[in-house]
Amino acid sequence: MTENGRYDYIVIGSEAAGVGLVRELTAAGKKVLAVDKSKEKIELLEDEGFDALIADPTDENFYKNLDLEGVSAVLITSSDDELNLKAVKALRSVSDVYTIVRVSSPKRKEEFEEAGANLVVLVADAVKQAFMDKIKKMETLKKIEKLKNIMESLRGKRLGIFTHDNPDPDSISSAYALREIAKQFDVIADILYYGEILHQKNRAMVNLLEIPMIRADEVDLSHYDAFAIVDSSGPGVNNSIPPEIDISIVIDHHPAEKVVADFVDLRDDVGAAATILTEYIKELKITPSKILATALFFGIKSETDEFKRNTRTADFLACAFLYPFVDHDLIEKIESPSISTETLDILGTAIKNRQVYSSFLISFAGFINDRDALPQAADFLLKLEGISTVVVFGVIKDTVYVSARNKDVRIHMGEVLRRAFSDVGSAGGHAHAAGAQIPLGIFGETNEKDLLAKLITEAITKRLLSAVGMEQS
């Protein structure tokens with residue numbers, strides 16, 4: 001017994017599962033008591049230094065004499081279903097302490113719950129989950145091994161790492177992480193981007209974290225021996241990378257088809273590309289610097305909209321790994337930049353031009369310079385009462401950019417935009433957030449902005465409503 005007779009967990013059964021739990025919980029700093037009828041098993045646990053007790057777990061008198069105050073849970077782990085059922089009933093006759101019990105047959109799950117088990121662990125489910133976890137681990141390790149081989153082949157050479165155009169925090173942090181990985185292999189890597197970094201938070205992130213970003217149209221791409229791309233799946237997919245550029249490394253969390261590269265890691269079961277790169281950092285046993293951890297953490301947090309959009313278990317695990325290294329004062333500074341006059345004007349125009357069709361809002365934000373203001377406007381308009389889907393679009397030079405936000409579970413905005421615009425431009429994204437680019441020329445030749453705005457709005461509205469099965473009134 002412990003000094004005060006109190007335990008955090010009581011583990012009934014000292015077979016492999018029970019002994020494993022005793023070891024893991026003790027290693028985690030918990031006070032654990034192991035219980036079994038077998039003298040030999042208990043002596044083995046005592047020899048290892050664990051608290052252990054020889055007792056019959058099916059005897060209610062055992063529980064009456066046991067101090068259960070403060071116990072978080074009793075874990076019944078024997079492989080004998082009958083013994084486990086009797087143990088549950090005996091325990092329940094004495095105490096309502098939280099009880100988790102191992103059950104070998106799914107058919108008996110209800111019987112154990114009726115007997116008073118709070119949580120039933122089916123052996124088949126546990127084995128399946130264990131196998132799935134190991135399979136995912138294996139796939140990750142195989143990918144990392146392949147990435148290491150590519151990096152080794154580039155040792156002493158130059159790698160260009162592309163983001164998508166007008167990079168966001170997820171793209172920026174992912175590129176920065178890949179650059180830091182490349183450093184481990186003595187690969188000289190640069191982060192390259194097309195477009196502008198206009199969003200206030202994005203600029204604040206780059207400036208405060210001093211992330212080295214190079215405009216791709218201001219360098220000679222022939223100086224690089226190989227190229228990678230993050231948060232996008234290839235030349236022309238939400239980027240201005242020349243089509244003749246061969247990409248060696250592709251890392252993205254958006255669904256894509258026919259991706260050609262030496263190394264491809266496409267996952268739609270994570271909410272951010274930064275999550276994938278964090279996994280690489282962890283498995284490569286690279287201790288992230290304050291700057292790298294802060295960048296990746298902010299990238300995941302931003303891409304998942306504060307963990308409210310497309311967030312998966314892997315994203316939370318990545319953030320848990322990064323958290324001890326993150327500079328939270330820097331995060332606060334990044335998240336609280338001043339808003340530009342142009343962003344305010346774009347937001348005002350989007351509010352003024354909004355058209356509402358049931359819970360679907362469409363708005364033309366005007367002829368603009370700051371593409372990143374479009375998702376900001378879409379996020380703001382999604383807060384309007386009765387609105388579940390927002391599409392905001394604006395013209396930058398010779399392209400119409402579309403940004404969509406959605407909280408209607410019946411609609412997948414990535415698919416909607418693909419149906420609406422894939423024949424005239426490029427489109428894609430997730431159920432809750434998506435985007436598209438459309439050449440301005442398809443809307444006709446005119447220099448009169450008011451007429452062009454009218455033509456664009458009518459055409460986009462018609463295509464969007466048709467894509468979601470609505471009629472324009």
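Which helices each supply at least two residues of the lining of the second largest pocket? They are helix H6 (123-153), helix H9 (273-283) and H11. Helices (H or I, at least four residues) and strands (E, at least two) are DSSP runs, numbered from the N terminus.

The model is predicted: local features need pLDDT of at least 70, side-chain atom pairs count only at pLDDT 80 or more, and totals for chains, interfaces and linings use all residues. Residues are numbered from 1 along each chain as its sequence is written, and side-chain values use heavy atoms, without hydrogens and water.

The second largest pocket holds about 650 Å³ of space. Its lining has 20 residues, of which Lys136, Thr140, Glu279, Ala314 and Leu317 are the closest to the centre. With 7 residues, H6 gives the most to this lining. By class, 10 lining residues are charged, 5 are polar and 5 are nonpolar.

Most residues other than glycine have a negative phi. Two aspartates with positive phi are listed below.

| Residue | Phi | Relative accessible area |
|---|---|---|
| Asp231 | near 60° | 3% |
| Asp305 | about 50° | 31% |

Asp231 is in the loop between strand E10 (226-230) and strand E11 (249-252), and this residue is buried. Asp305 is in the loop between helix H10 (290-303) and helix H11 (313-322), where Asp305 counts as partly exposed. Buried means under 20% relative accessible area, exposed over 50%, and partly exposed in between (1.4 Å probe, protein chains only).

Technical notes. On a 1 Å grid over the protein atoms alone, a cavity is a set of points where a 1.4 Å probe fits but cannot get out, and a pocket is an open set with protein on both sides within 12 Å along at least five of seven lines; lining residues have an atom within 4 Å of a point. Grid points are joined across faces, edges and corners, and a volume is the space filled by probe spheres set on the points. Ala, Val, Leu, Ile, Met, Phe, Trp, Tyr, Cys and Pro count as nonpolar, Asp, Glu, Lys and Arg as charged, and the others, Gly among them, as polar.
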